[in-house]
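Here are my notes on the model you sent over, as numbered points. Have the viewer open while you read, and pick out the residues as they come up.

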Amino acid sequence: MQIIIVGCGKVGRALVGQLSGEDNNVTVVDMNPDVVKGVSTFYDVMGVTGNGTSYTTLMEADIEHADILIAVTHSDEVNLLCCVVAKRAGNCHTIARVRNPIYSAERGFLRKELGLSMIINPEFAAAMEIARLLRFPSAIEIDSFSRGRIEMLRFKVREDSLLIGYALKDLSQKLSVDVLVCAVERSGNVLIPDGDFVVRGGDVLSVIAIPGNASAFFKKIGIRTNQVKNTLIIGGGEITYYLSQLLLSTGIKVKIVEKNRERCEELSELLPKATIICGDGSDQELLNEEHLEQMDSLVASTDIDEENIILSLYAKDKVRSKVVTKLNHLDFNDVIHSLNLDSLVYPKNITAEYILQYVRAMGNSMGSNVETLYKLMDGRVEALEFLIRPLSNMTGIRLQDMKLKKNLLVAGIGRKGKLIIPGGQDEFMPGDSVIVVTTNTGFRDIHDILAE
């Protein structure tokens with residue numbers, strides 16, 4: 001597939017890394033020649049220096065033969081104009097990153113009238129992710145499938161857990177709950193387990209279930225599942241604005257600490273039900289004055305990753321339920337994970353996942369479609385949801401008769417709003433949502449699960 005990416009910032013680079021590794025021909029466009037040279041050399045892609053809104057620049061990037069243009073510059077207006085020009089010049093699919101809250105309520109109008117394929121707001125997507133975590137604080141990470149009817153939850157097994165010593169095939173019977181463990185992290189390694197896998201303390205498990213069964217599962221193993229009642233958010237950026245709206249609408253009390261007085265005044269007008277404190281969130285004395293130890297949760301959402309990490313480490317043993325750390329810039333994954341922080345949220349990665357999902361869906365056959373895509377465990381595992389269409393030739397075949405690739409698990413079948421934990425006798429039917437978890441990457445179609 002021919003793909004043009006305009007803008008080589010954090011999200012642009014993340015997209016180049018993902019898409020160039022999946023048999024796509026990628027061209028990057030940026031105003032800064034040094035940035036273009038660095039990205040094109042590191043990822044071995046084509047590079048064009050220029051303004052992405054310029055017809056001449058887009059022609060140089062071969063817009064006439066492009067399948068899709070993705071505009072992720074720092075300016076919403078530039079991104080929208082890039083897509084309009086690209087649509088007229090090359091009639092390709094277009095995706096724009098649009099971050100300003102002013103445009104949030106107008107996304108549908110803009111997409112329709114400007115002919116965009118997709119509009120993505122990284123800050124809103126990150127806020128949705130954080131809100132899910134605060135509603136289910138026991139989980140490190142939560143991913144949704146089948147329009148929220150099925151969830152995958154990642155959590156760490158405590159050293160005193162009831163799960164220790166049990167084989168996975170015995171868990172459902174022992175706990176009388178329909179859940180499936182579909183991935184395991186142990187000592188830095190990632191495994192797609194079989195039924196004989198035995199759980200140990202310190203394992204990080206990813207389980208798939210419907211929301212009600214997930215709650216029952218966590219309660220039976222002695223883990224608190226109730227949503228937090230209040231949260232302290234450090235930093236008053238756009239993520240904080242969107243997150244506060246989401247939390248306040250569900251009855252969670254919100255307190256925000258922001259340095260900039262002008263921004264505090266804006267937030268006071270935008271969020272009259274939230275408590276806004278003008279001060280330095282990294283000031284230990286201020287945190288004590290605001291009774292950090294009485295808070296259910298803390299979200300470190302400043303613009304400085306290092307400050308977010310320090311805040312989270314300080315708050316980890318003080319707040320009651322949950323600490324969420326937003327990271328934008330740092331890529332030292334091994335170091336960050338060794339700090340044993342609670343939950344990490346990377347807006348650039350969330351954005352890249354949404355766009356990657358759309359790009360993969362463009363390459364589908366008539367038989368299935370990528371509905372959802374998540375990169376898990378630093379990109380070492382993919383969880384995908386495929387919609388089985390009526391024309392698919394994968395229907396009517398029992399799973400035990402399919403020759404599946406190694407390191408792959410058909411983790412769930414969503415059918416008429418219900419989750420089926422599949423066994424060998426189960427078959428795919430038209431309209432099913434099929435959830436696949438694998439350490440293989442690049443799947444675009446349900447047929448990709450089959451061994452050659």
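**Notes on the predicted model**

1. Let's start with the overall make-up. The protein has 14 helices and 22 strands. Its radius of gyration is 23 Å, close to the 22 Å that the globule rule gives for 452 residues, so the protein is as compact as a globular protein of that length. Keep in mind that this is a predicted model.

2. On extent and packing: the C-alpha trace spans about 65 × 65 × 40 Å along its principal axes. Of the 452 residues, 54% count as buried. If you look at contacts with a separation of 6 or more, 60% of them come from residues 24 or more positions apart.

3. Next, the sheet. Six strands make up an open sheet, and reading across you get β3-β2-β1-β4-β5-β6, with parallel pairing. At the edges sit β3 (46–49) and β6 (118–120), each of which pairs on one side only. From one strand to the next, the twist averages 15°. As a reminder, strands of a sheet pair through backbone hydrogen bonds, either parallel or antiparallel.

4. For a closer look inside that sheet, try β4 and β5. Strand β4 (residues 68–71) and strand β5 (residues 93–97) run parallel and are joined by four bridges. A handy spot to zoom in on is I70, which stands opposite I95 in β5.

5. Now the aromatics. How many aromatic pairs does the structure hold? There are eight aromatic pairs. One of them is F145 with Y374, an edge-to-face pair at 5.3 Å centre to centre, with 85° between the planes. This pair links distant parts of the chain: F145 belongs to strand β7 (residues 141–145) and Y374 to strand β18 (residues 368–376), 229 residues apart. Both F145 and Y374 are buried.

6. Another pair to look up is F155 with F217. These two are also edge-to-face, with 5.9 Å centre to centre and 70° between the planes. Here a strand is linked to a helix: F155 is in strand β8 (residues 150–156) and F217 is in helix α8 (residues 211–220), 62 residues apart. Buried or exposed, what is F155? F155 counts as buried because its relative accessibility is 1%, under the 20% cut-off. F217 is buried too, with a relative accessible area of 1%.

7. F155 and F217 also belong to a cluster. Ring pairs link them with F136 and F218, so select F136, F155, F217 and F218 together if you want to see how the rings of this cluster are linked.

8. There is a lysine over a ring as well. K318 lies over the face of Y314, and the distance to the ring centre is 4.2 Å.

9. Last, a glycine. G442 is found in the segment after β22 (433–438). G442 is partly exposed because its relative accessible area is 22%, which falls between the 20% and 50% cut-offs. Which residues does G442 touch, leaving aside its neighbours within four places in sequence? G442 is in contact with E22, R360, E382 and D448. H291 is another matter: the C-alpha atoms of G442 and H291 are separated by 47 Å, and the two residues are 151 residues apart along the chain.

Note on methods:
Residues numbered from 1 in each chain as written. Predicted model: local features only at pLDDT ≥ 70, side-chain atom pairs only at ≥ 80, totals over all residues. Heavy atoms only, no water. Pairing = 2+ DSSP bridges. Helix = DSSP H or I, 4+ residues; strand = E, 2+ residues; numbered from the N terminus. Axes fitted to C-alpha atoms, helices over the stretch in contact; angles between N-to-C directions. Phe/Tyr/Trp six-rings, centres within 6.5 Å; stacked < 30°, edge-to-face > 60°. Buried < 20%, exposed > 50% of the residue type's maximum accessible area, 1.4 Å probe, protein only. Lys NZ or Arg CZ within 6 Å of the ring centre and 35° of its normal. Contact = heavy atoms within 4.5 Å. Rg over C-alpha atoms; globule rule 2.2 N^0.38 Å.
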